[in-house]
Every structure is written in structure tokens, then in C-alpha cells.
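Colleague: I am new to this structure and would love a close look at a single part of it. Could you pick a strand, walk me through its surroundings, and then show me how the rest fits in?

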Amino acid sequence: MSQLSVKNISKSFGALSVIDKFDLELNMGERHAVIGPNGAGKTTLFNMISGWIAPDTGTIEIEGLDITNKTPQAVTQAGLARSFQKNTLFDLLTVAESLRLAVQASSKVRFNFLQPARRFGGLQQRAHEIARQMELEPVFHQEVSTLSYGQKRQLEVGMALACSPKILLLDEPAAGTSHAERARLVRLLTTLPKDVTLLLVEHNMDVVFGVCSQITVLNYGRIVASGTPEQVRRDPEVRAAYLGESASPEGEVADA
Amino acid sequence: MEHSQEDSGQGKNGSNVSNHDPMQPRAAREHKTFLYIASAGLLFLIAIPFFVGEYYVSLASEILIFAILTSGMNLLLGYTGLVSLGHAAFMGVGAYATAVGSSLLGYPVWFVMLASIFVSLLIAYGIGLLSVRTKAVQFLLITLAFGQMFHAIAEKTRYTGGDDGMTNIPRIDLSFLGLDVDHDRVFYFFVLICFVIALVILRLVVDSPFGRVLVGIRENEKRMLALGYSTFPYKALAFGISGMLAGLAGSLWVQHSFFVNPHIMTWQMSGEALLMVIIGGSKAFFGPLLGAAFYVLAKDFLSDITEAYLMFFGLLFVLVVAFFNGGIAGFISRVFNKFKSPSGKDGQ
Amino acid sequence: MLIFLMAVGLTVIFGLMDILNLAHGAFYMVGAYFGYVVFQTTDSFWISLAIGPLLAMSLGFLLQYFVLQPLIDRGRTAHLDMALLTFGLLFFTIGLFDLIFFETLGLTFMSIDKPAGLGSYIDIGILYPTYRLFVIALGLVVALAVWLLLDRTVIGAVVRAGVDDREMVRAMGVNIYVVFACVFALGCWLAGLAGVVAGAGLSIDINMGVQILIPTLVVVVLGGLGSVKGCFFGALIVGMTETLSQAYVPALALFATYILLAAMLIFRPQGFFGRAPKTV
């Protein structure tokens with residue numbers, strides 16, 4: 001049984017069909033990217049999988065558990081955490097506090113309302129571990145609003161990771177980053193724990209080819225191609241629809 | 001810090017921040033500062049009745065009562081980011097429950113007080129369950145609607161004197177301690193004890209994992225949902241606790257003034273409480289206390305000059321919202337921080 | 001009908017610019033008091049109806065252009081801050097008018113005289129005050145005009161586009177801030193107009209702004225924040241609820257409207273004609 005199984009989901013807004021009969025199976029530990037030109041429906045797809053939008057048809061299951069019409073919080077509790085394309089952070093909290101809130105979400109103490117939060121050292125340790133993983137240790141006690149953009153993107157991923165998910169959905173983790181920031185992000189993503197399944201929407205080919213072993217190409221809400229990076233790169237339809245636009249994907253991969 | 005992420009050399013063991021201390025330095029430092037301020041403030045509050053006249057002692061009681069109300073409101077406003085325009089209703093519930101219980105039904109006041117706190121908690125929690133589903137402006141409107149409903153009930157109920165309200169409400173009986181609470185100084189200390197209990201509870205709540213969740217909701221509710229929190233029960237409980245404190249304030253208020261009428265539940269009253277919180281500083285724990293003190297004293301001063309004191313508060317309120325988001329408390333801490341370290345950032 | 005006029009102004013501002021203007025009651029007061037001053041000097045209802053609302057309008061323009069807009073550009077949680085700020089403004093206005101008209105000038109009972117033709121009753125099956133008929137007609141005409149202006153003209157399109165994408169409109173060479181300020185001023189003009197009209201129908205006192213604000217909010221919420229059409233039905237529903245509850249359960253008269261409001265917010269927060277809430 002696959003870990004995440006998306007079967008035949010569709011979504012349309014009015015007359016506009018955004019996602020049309022989409023299927024996806026992810027195995028545990030898989031690194032999978034969904035790519036496609038702007039407006040291909042990638043973010044809508046993510047919003048459906050993570051519970052923010054209900055699909056019109058189809059089912060979504062995590063290890064056989066149906067999460068199709070669950071709320072975002074229930075989906076996260078079921079083991080699927082996501083990050084956002086636009087930074088969605090706690091600006092006035094520190095990195096430590098942010099990560100601890102994320103860790104606390106899956107712990108029993110979250111509804112404890114009479115003991116000081118400081119006492120729960122376990123949470124703090126786990127938060128610290130995540131910060132180390134995401135290379136945010138030097139800014140651990142800094143307010144989020146003072147971080148650089150690249151660090152915020154790292155935190156964005158870290159927050160999702162701190163939920164201890166089985167499946168991690170990253171929505172354009174490298175959106176808006178500089179070259180150096182991106183290289184660092186790719187390195188961080190490749191060192192994620194091997195048992196976490198990764199599904200990623202991304203525009204940037206450095207990130208996609210650097211991190212993922214499976215790729216699905218989406219255009220106008222339909223799957224155009226899917227397979228290994230090599231297969232996808234050779235696919236004539238993909239070249240026409242998408243890769244043809246960027247100069248030379250092979251050249252960029254070498255960076256990663 | 002801006003450039004440090006460019007070189008990726010500082011890896012796993014190059015950190016100097018957190019090897020020594022599992023507790024966050026910022027939280028620990030803040031907690032220490034908090035204890036200093038709290039004990040200094042408490043000493044000050046204990047000292048007041050020994051230095052000022054009867055009239056000002058009574059004003060001080062009023063300040064503390066309002067501070068209980070506004071500190072409770074701040075759990076919603078400052079910590080959770082929800083603006084309620086119906087909080088006077090819960091103060092009214094506490095006030096009427098106390099008045100009815102002691103004056104009409106003849107139960108002892110201490111029992112009635114506990115009961116009214118409990119009743120306000122229940123009612124506020126119930127209304128919280130209904131209200132917190134809505135967002136921002138809708139929340140403001142729905143709390144306004146509920147507040148007005150309670151006001152309408154109080155106005156229409158003959159049993160509690162309708163528009164005129166009720167008078168001759170007794171204060172708590174402390175004669176077993178040999179104290180006479182009709183004496184304003186004695187009553188002040190009783191209020192002070194209630195105030196301290198209320199704020200200790202509030203501090204525990206704010207400091208707990210639950211309190212952190214509330215702050216998370218204020219900062220970014222969408223992210224909280226994505227992290228797997230069902231934010232709804234947290235907000236409802238925060239609303240309940242906040243309403244409970246308002247109820248306590250109401251219960252003390254009737255004892256303080258010996259009467260109650262529906263005016264205590266109007267939305268102008270909620271509005272004035274909101275003024276106190278914002279002017280005092282909604283981001284600081286003691287901001288609402290400062291706001292209540294400022295409001296009561298300034299009102300006392302201004303109402304000698306003109307009945308139109310609302311004008312000044314309205315203007316001040318606008319200025320605070322527009323330019324000094326931290327209110328009085330924010331201002332003080334900014335000055336203090338500048339004093340301490342000229343280069344330091346302001347610690348809101 | 002007064003409430004309808006108020007509600008249209010409020011909903012236009014909220015719907016197009018996302019500002020819950022609690023100071024709407026203050027602009028209503030400005031209309032009434034300034035209308036009264038104009039009436040005292042000119043002794044003409046019509047002149048005061050024409051000039052009275054203009055002060056509210058100009059103040060609205062200045063407020064939006066010089067205070068609110070800069071704050072919106074700067075603020076993170078502008079939405080609630082706006083509600084709070086305008087709320088403070090309402091308090092300020094009440095205090096100010098109290099100081100000027102009551103404490104300084106000692107005026108307690110103030111009202112604008114109805115014009116000659118509108119002071120009597122007309123027989124339409126029952127005897128109905130002509131002034132009320134006039135107010136109803138005025139309300140309908142004005143609302144229709146506003147609706148046409150915002151829904152059917154280029155100005156309306158620019159405003160709506162400006163809400164969605166400021167940069168795009170700016171690129172078209174339109175100063176969107178002026179447009180916003182004009183819309184805000186339009187809303188305030190409506191409040192001021194309602195104020196003058198109220199000054200002749202009812203009496204003018206410092207509580208008038210607060211008193212009308214709540215039913216106005218109810219109407220706006222029922223209709224759906226931002227919908228002029230919704231306001232019309234909202235006003236009808238509120239009017240009927242009040243009349244019916246007054247007739248059958250007078251004890252609940254005050255209560256019914258609030259229940260309506262709360263129920264609406266719980267079960268259908270977008271109102272009857274509002275946009276569906278945005279997801280994600």
C-alpha cells in the first residue's frame with residue numbers, strides 16, 4: 001500500500017477546470033516533484049491534498065485513511081504537514097518559539113493551561129533539533145521578522161518538519177530565493193530524514209532535479225508526463241509545454 | 001545576521017547560543033523582569049491606602065476592578081488578537097448575579113461571588129463557542145450583538161428593577177476577621193486580593209502551552225491550522241476565561257458601588273474598556289492595569305472640567321492606535337530599553 | 001429608510017475597501033449638526049440638505065487620504081486597527097459635539113424644520129406623513145444612483161480593480177489613493193445626508209450617532225458586507241422584524257434584531273448577497 005494515494009481528484013472554479021482527474025501514488029520515503037507552468041493548478045492541488053479546499057470528485061488517502069474532506073488541522077494530525085509558497089510565519093515570535101509551537105501541536109501538553117510552557121524541556125529540545133537540521137541555530141532566539149528572506153524560507157520548511165509528518169508537502173520552498181540561498185535549501189532538503197515522504201511543488205529546476213527522484217508534470221490541470229527526471233526531460237510533450245521555455249535545464253542541474 | 005547565511009560554514013557545532021541553557025534566554029529574562037515588576041507593583045498597591053485619602057482609596061478600588069476586567073479582555077485582544085465589543089455583558093452578568101443572589105435571594109456574599117464567577121464563565125464560554133467561529137470584523141459585530149442582547153434583557157426584566165436597576169447591595173461579610181468592609185480601606189484590600197488572584201491565574205494561562213497557542217493564533221491563524229491545531233476550542237476557552245474575569249470585576253463592582261443598573265452592560269461600556277486596554281498597551285501583561293489607572297484618574301480629573309471627557313479619550317485612542325501601538329506600557333518599555341542599552345531593540 | 005441610507009454608505013466603504021468604518025455614526029452626526037447650523041443661518045431646509053452633507057464628505061476625504069490610507073500601507077493588521085481607530089473617532093466626535101453644542105452653546109433641543117410642503121400628512125389609504133414619503137423616495141433615488149455609479153461606470157470598475165490589484169491600476173495612470181478617498185467620501189456623504197434628513201424628522205442629540213450605528217450594522221451584515229442590493233433587503237428585513245416583534249411580542253422588540261444579527265453571523269456570515277468568504 002502506498003503512503004499517499006490521490007485518486008481521480010478534480011476541481012473546477014465555475015467554468016474553469018483547474019485540476020482534472022489527477023492521480024498520484026507516493027511510497028514511503030519517495031522524493032516527488034510536481035512541476036508545470038504558472039496556472040497549471042499546482043497550488044490548488046496542494047490545497048486539496050492538505051485539506052484547505054475540498055475536491056469536487058475523487059479521494060485522498062494517507063496509509064489507507066481517507067482524508068478527502070477533512071479540515072487542514074485534521075490532515076496534519078493524520079501525518080501530512082505542509083509549507084506555504086508565501087511565508088506564513090509568526091513574525092513577532094522567535095524562531096525557537098515558532099518551532100516549539102509547531103512541536104507542541106503533536107504533543108499532549110498543548111491544552112495544558114496552568115503550567116509554564118518553559119517547563120516542557122522536551123519540546124524545547126525537539127525545536128532545537130529542527131533548528132539545527134534547518135541550519136537556523138545561529139538565529140534560534142531571534143525574532144522571525146528580523147530573519148533574512150532565505151532564513152524565513154528555511155523556517156517555513158522547518159515549521160512543517162516540526163510537525164513530525166509522515167508526508168511533507170512543500171509549496172515552492174525556493175520561491176523568491178537568491179542563488180546562494182537556493183543552493184543551501186537544496187542541500188537541506190536532501191538531508192531530510194529518509195523515512196519522510198516528500199512532495200514538492202517547484203518552479204526552479206535546480207531544486208527539482210537536485211532533490212527529487214520522481215517528477216510529475218502538470219499542464220492546464222492534467223498530467224502531461226511523469227517518471228524519473230531523465231524520462232521527463234526527454235519527453236517531447238514536456239519539452240514543448242514547459243522545459244522549452246527555460247534555456248537549458250541540464251546546465252542548471254550541475255549546480256545542485 | 002543578514003549575511004551570515006551566505007557562507008554555509010557555520011554548521012552543526014558552530015553554535016554558541018544554546019549549548020548552555022535548555023531554557024530560552026529571552027523567556028527566562030522576561031520572566032525575571034516580570035517578577036521584579038510584579039513585586040514592585042504589588043508593594044506599591046499595598047502602600048496606597050496608607051498614604052492617600054478615603055476618596056482616592058475608593059478610586060484605587062475602582063481602578064483595580066477595571067483592571068481585572070481589562071486584563072481579562074486583553075487575553076482576547078492582546079494575546080489572541082480578537083476584539084470583543086460585548087465584554088461589558090459579562091461584567092453585567094457577574095454584577096447582576098451578585099446583586100440578585102445577595103440582595104433578592106439573601107445568600108451570603110462570598111457564596112454569591114463564587115457563583116457569579118462560575119455563571120459568567122459558563123455563559124461566556126457558551127457565547128464564545130458561538131462567536132469564535134467568525135473572523136475579525138464579524139467577531140466584533142457578533143460580540144456586539146450578544147452584548148446588546150444582554151443589555152436588552154437587563155432593561156426589560158422587572159424582577160431586577162428594569163432600567164433603574166437595583167440598590168442597597170451588600171458587600172462581602174468579613175466580620176469573622178474583625179473587619180468592616182464598608183470601610184473603604186478594608187474593601188480596597190479585599191479587591192486587591194481578588195485582583196492578585198485574578199492576575200496570577202491570568203499569568204499562568206498566558207505562560208502555559210495553551211497561552212502560547214493563543215499567541216500563535218494572533219500571529220497567524222492559518223499557520224496554526226496548518227500545524228494541526230484546531231484553533232476553535234482554544235479561542236472559545238480564552239473567551240470563557242476572559243468573560244469569567246469580567247464577571248469577577250462585575251461582582252466586585254456592585255459591591256463597590258452598592259448598586260447596579262443596565263448601563264454597566266452597554267456597548268459604550270465595552271468601548272470604554274477597550275479604550276483602557278488600547279491606551280494602556282495591549283501587548284504588555286500590565287498594560288491594561290496602566291490603562292485602567294490612567295482612564296479612571298484622567299476621567300476623575302477631566303469630569304471636574306467638562307462632561308465631554310469622551311472627546312479626549314477618543315482622540316487619545318485614535319492617536320494610540322495610529323501611532324503608538326504599544327500604548328503606555330509600550331512607551332515605558334521603550335524608554336526603559338533605550339536607557340539600558342542605547343543600541344537595543346525595543347522589547348515589545 | 002434612514003438606516004438604509006446609512007447602510008449603503010457603510011457597505012460601499014466596507015465592500016470596496018475593506019474598512020469597517022465605525023465612525024460612520026460620527027459622520028451622520030456631522031451631517032445633522034452642520035445641517036442644523038446651515039439651517040439656522042439660511043432658514044432653508046433645502047439649502048441645508050444640499051450643503052449639510054458636504055462637510056461630512058470633505059472630512060471623510062481628508063480622513064481617508066491623510067490618515068487611514070497611510071496606515072493601511074504601513075500596517076500589518078490594518079483590518080482591525082481601522083475598526084478600532086474609527087471607533088475612537090466616534091467617541092471623539094460625540095465628546096466634541098457635546099462640548100460645543102451642549103456645554104458651550106447650551107443647546108438642548110435642536111431640530112431642523114421640515115420644508116413647507118412636507119410637514120403634513122397625505123391620505124394613501126391611511127394617513128401617512130409626507131416627510132416620510134419624501135425620505136423613502138430620496139433613499140431610493142440615492143441608492144439607485146450609487147449602485148449605478150459603482151456597478152455600471154468606469155469609476156466603479158477602477159475602484160474594484162484597485163482593490164484587487166493596486167499596481168495594475170496605478171500603471172494605468174490612475175491615482176488610486178484619490179479614488180479610494182473619493183469612495184470613502186461618498187460613503188460619508190451618504191451618512192451626512194442621512195444626518196440632515198434625520199435632523200428634520202427626529203431631533204438632534206449626541207446619542208444619535210451611536211443609536212443609529214447598531215441597526216445600520218445589522219442591515220449591512222444581513223445584506224452581506226459590500227452589497228448595495230443586500231442593504232435594501234437587509235433594511236426591509238430589519239424593518240419588518242422590528243414592526244412585527246413590536247406588534248406581537250413587544251418585550252422582544254429590542255431583542256429580535258440582535259438575534260437576527262447573531263444568527264446571521266453564525267450561519268451565513270457573508271450575508272444574503274455577500275461574496276463567499278475567500279478560501280486559503
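Modeller: Here is a walk that starts at one strand of chain A and then moves on to chains B and C. Please keep in mind that this is a predicted model.

Let us begin with strand β9 of chain A, which covers residues 214-219. Five of its six residues are buried, so β9(A) is largely enclosed by the rest of the structure. It has a partner in strand β3 of chain A, residues 31-35, and the two run in the parallel sense, joined over four bridges. To find this pairing on your screen, look for His32(A), whose bridge partner in β9(A) is Gln214(A).

β9(A) also pairs with strand β10 of chain A, residues 222-227, this time in the antiparallel sense and over five bridges. Here a handy landmark is Val217(A), which has Ala225(A) in β10(A) as its bridge partner. The two strands make a hairpin with two residues between them, and in this hairpin Tyr220(A) takes a positive phi near 50°. As a general point for viewing, side chains in a regular strand alternate between the two faces of the sheet.

Chain A also has an open sheet of four strands, in the order β2-β1-β4-β5, with antiparallel pairing. Its edges are β2 (16-26) and β5 (65-66), each of which pairs on one side only. Strand β1(A), residues 4-13, is linked to β2(A) in the antiparallel sense by seven bridges. In that pair, Ser12(A) stands opposite Ser17(A) of β2(A).

Now for the place where chain A meets chain B. The contact involves 49 residues of chain A and 37 of chain B. On the chain B side, α1 (25-51), α6 (184-207) and α7 (209-226) each supply at least two residues. The largest share, twelve residues, comes from α7(B). Sorted by class, the side of chain B that touches chain A has 16 nonpolar, twelve polar and nine charged residues.

Within chain B, helices α2 (residues 54-80) and α10 (residues 287-305) pack with their axes 8 Å apart, at an angle of about 140°. The two helices are therefore oblique to each other, and their crossing is right-handed. Among the residues making this contact are Leu59(B), Ile63(B) and Phe66(B) from α2(B), together with Leu289(B), Ala292(B) and Val296(B) from α10(B). By class, ten residues of the contact are nonpolar, five are polar and two are charged.

One residue of chain B leads us on to chain C. Phe146(B) sits in helix α5 of chain B, residues 136-156. It is buried, as 27 other C-beta atoms lie within 10 Å. Leaving aside residues up to four places away in sequence, Phe146(B) touches Gly86(B), Ala89(B), Ile127(B) and Ser131(B), and also Ala262(C). For a sense of scale, Phe146(B) and Leu42(B) are 35 Å apart in space, C-alpha to C-alpha, and 104 residues apart in sequence.

Chain C itself has eleven helices and two strands. Read from the N terminus, its elements run α-α-α-α-β-β-α-α-α-α-α-α-α. Of its 280 residues, 48% count as buried. Among the contacts in chain C with a separation of 6 or more, 74% are between residues 24 or more positions apart.

Technical notes: Residues are numbered from 1 along each chain as its sequence is written. Chains are lettered from A and ligands numbered from 1 in the order in which they are written. This is a predicted model: local features need pLDDT of at least 70, side-chain atom pairs count only at pLDDT 80 or more; totals for chains, interfaces and linings use all residues. A residue is buried if 20 or more other C-beta atoms lie within 10 Å of its own, exposed if 12 or fewer, and partly exposed in between; C-beta atoms are placed from the backbone. Two strands pair if DSSP finds at least two bridges between them. Axes are lines fitted to C-alpha atoms, for helices over the stretch in contact, and angles run from 0 to 180 degrees between N-to-C directions. Angles under 35 degrees count as roughly parallel, over 145 as roughly antiparallel, 65 to 115 as roughly perpendicular and the rest as oblique. A crossing is left-handed if the near helix is turned anticlockwise from the far one by less than a right angle, and right-handed if clockwise. Two residues are in contact if their C-beta atoms, placed from the backbone, lie within 7 Å. Ala, Val, Leu, Ile, Met, Phe, Trp, Tyr, Cys and Pro count as nonpolar, Asp, Glu, Lys and Arg as charged, and the others, Gly among them, as polar.
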